[in-house]
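Visitor: I have a structure open and would like to go through its side chains with you. Could we begin with the cysteines?

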Amino acid sequence: WCAEVRRDLPDGFLNLRSGPSTSDPVLARLLGGEYVEIDTANCAERFSPNWIAMGTICVEAGSSWAFVENVPRLAGRERGGWINTRYIEAVECRDLE
């Protein structure tokens with residue numbers, strides 16, 4: 001599925017992190033309106049058996065984090081990372097080719 005970063009961010013950006021925690025290192029800063037692609041097809045295989053697809057995000061009990069598969073603006077520099085789902089909204093996926 002696909003999402004856009006909300007424009008009403010408290011800090012003006014959303015951190016893309018190496019793991020699903022605010023203590024994990026920041027990989028990149030995403031701006032309001034930024035388009036991201038999120039993959040939930042293989043939650044358990046990708047993370048661990050206690051991860052499941054809940055609706056449109058990979059979650060562990062009580063989690064509010066989603067794994068971002070692709071951020072087109074970063075063009076391969078950072079192919080994936082974690083974002084807090086409070087700051088994104090689902091959108092129709094775009095054909096970027």
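Guide: In this predicted model, a disulfide joins Cys 2 to Cys 93, with an S to S distance of 2.0 Å.

Visitor: Where in the chain do Cys 2 and Cys 93 sit?

Guide: The disulfide links distant parts of the chain, as the two cysteines are 91 residues apart. Cys 2 belongs to strand S1 (residues 2-5), and Cys 93 lies in the segment after S9.

Visitor: Which hand does the disulfide have?

Guide: The torsion about the S-S bond of Cys 2 and Cys 93 is about 105°, so the disulfide is right-handed.

Visitor: And is Cys 2 buried or exposed?

Guide: Cys 2 is buried, its relative accessible area being 4%. Cys 93, by contrast, is partly exposed at 45%.

Visitor: How many disulfides does the count come to?

Guide: The count comes to one disulfide.

Visitor: Let us turn to charges. Which residue forms a salt bridge with Arg 6?

Guide: Asp 8 does; the closest N and O atoms of Arg 6 and Asp 8 are 2.6 Å apart. That distance counts because the cut-off for a salt bridge is 4 Å. In general, side chains of opposite charge can pair when their charged atoms come close.

Visitor: What is the relative accessible area of Arg 6?

Guide: The value for Arg 6 is 26%, so Arg 6 is classed as partly exposed.

Visitor: How many salt bridges are there by this rule?

Guide: The count is one salt bridge.

Visitor: What about Arg 29, where does its charged end sit?

Guide: The charged end of Arg 29 sits over the ring of Phe 13, at 3.9 Å from the ring centre.

Visitor: And how many aromatic pairs does a search of the whole structure find?

Guide: That search finds zero aromatic pairs.

Visitor: Now Ile 88. Which strand is Ile 88 in?

Guide: Ile 88 lies in strand S9, which covers residues 88-91. With a relative accessibility of 9%, Ile 88 counts as buried.

Visitor: Which residues is Ile 88 in contact with, leaving aside neighbours within four places in sequence?

Guide: Its contacts include Trp 1, Ala 3, Glu 4, Val 5 and Arg 6, and among them are also Leu 14, Ile 38 and Ile 83. Arg 6 is thus both a contact of Ile 88 and the salt-bridge partner of Asp 8.

Visitor: Finally, what is the mean pLDDT of the chain?

Guide: The mean is 75, and 68% of the residues reach 70 or more. Among the elements, strand S3 (residues 26-31) has the highest mean pLDDT, 91, and strand S5 (residues 52-54) the lowest, 48.

Definitions and conventions: Residues are numbered from 1 along each chain as its sequence is written. This is a predicted model: local features need pLDDT of at least 70, side-chain atom pairs count only at pLDDT 80 or more; totals for chains, interfaces and linings use all residues. Side-chain values use heavy atoms; hydrogens and water are left out. A salt bridge is a side-chain nitrogen of Lys or Arg within 4 Å of a carboxyl oxygen of Asp or Glu. Buried means under 20% relative accessible area, exposed over 50%, partly exposed in between (1.4 Å probe, protein chains only). Rings of Phe, Tyr and Trp (its six-membered ring) pair if their centres lie within 6.5 Å; planes under 30 degrees apart count as stacked, over 60 as edge-to-face and the rest as tilted. A charge sits over a ring if NZ of Lys or CZ of Arg is within 6 Å of the ring centre and within 35 degrees of the ring normal. Helices (H or I, at least four residues) and strands (E, at least two) are DSSP runs, numbered from the N terminus. Contact means heavy atoms within 4.5 Å. A disulfide is a pair of cysteine sulfur atoms within 2.5 Å. pLDDT is the predictor's confidence in each residue, from 0 to 100.
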